[in-house]
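Trainee: Before we go through this one, could you walk me through what the coordinates say and how each value was defined?

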Amino acid sequence: MTKLIERLAEYVPSWGARLAYGDTTTLDGHDVLPVAIVVFGFGGGEGSGEDLGGAERGEGSGGGGGGYAFPIGAYIGGPRGPVFRPNPVAVLIAAAPLVSAAGLALARLVRGS
């Protein structure tokens, strides 16, 4: 099991690079390169057994993995070169935890004074 997970993990950097940047397309005469944040996770398992007075009992567990790609925007070609245009919905979703954490930290600082 461990060897399988190690082999899968070796390929993640190349998967991430290919998934983080999509294929360039042309829209209205402009080159568009989509960009995403890509996250992967893998886990593995083990097996064990015990002897209960002649009755053997064994247990085992497996492993798995998964990932997702979160579209954050695109590079759009123009006369001055490519310009990054963020996906407004993705920016709001990504900023929400950061704003929340900053607000909680500020509240603790104010209360502590």
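**Contacts and layout**

Trainee: What share of the contacts with a separation of 6 or more comes from residues 24 or more positions apart?

Mentor: Residues at least 24 positions apart supply 44% of those contacts in the chain, where contact means heavy atoms within 4.5 Å. This is a predicted model, in which local features need pLDDT of at least 70 and side-chain atom pairs count only at pLDDT 80 or more, while totals for chains, interfaces and linings use all residues. Residues are numbered from 1 along each chain as its sequence is written, and side-chain values use heavy atoms, with hydrogens and water left out.

Trainee: Ok, and how many helices and strands are there?

Mentor: There are two helices and six strands, in the order α-β-β-β-β-β-β-α from the N terminus; these are DSSP runs numbered from that end, with helices (H or I) of at least four residues and strands (E) of at least two.

Trainee: Which strands make up the open sheet?

Mentor: The four-strand open sheet has the order E1-E2-E5-E6 with antiparallel pairing, and two strands pair if DSSP finds at least two bridges between them. Strands E1 (25-27) and E6 (83-86) are the edges, each pairing on one side only. Neighbouring strands are turned by 40° against each other on average, direction ignored. Helix H2 (residues 88-112) packs on this sheet, touching E6 and strand E5 (64-76), and its direction makes about 125° with that of E5; axes are lines fitted to C-alpha atoms, for helices over the stretch in contact, with angles from 0 to 180 degrees between N-to-C directions.

Trainee: How many bridges join E1 to E2?

Mentor: Three bridges join E1 to strand E2 (residues 30-43), and one of the pairs is Leu 27 with His 30.

Trainee: Switching topic, is Ile 72 buried or partly exposed?

Mentor: Ile 72, in strand E5, has a relative accessible area of 22%, so it counts as partly exposed, since buried means under 20%, exposed over 50% and partly exposed in between (1.4 Å probe, protein chains only).

Trainee: What does Ile 72 touch, then?

Mentor: Leaving aside residues up to four places away in sequence, Ile 72 touches Val 35, Ala 36, Ile 37, Phe 84, Pro 86, Asn 87 and Ala 90. Pro 34 lies 38 residues from Ile 72 in sequence, with 8.2 Å between their C-alpha atoms.

Trainee: And how much of the chain counts as buried?

Mentor: Of its 113 residues, 11% count as buried.
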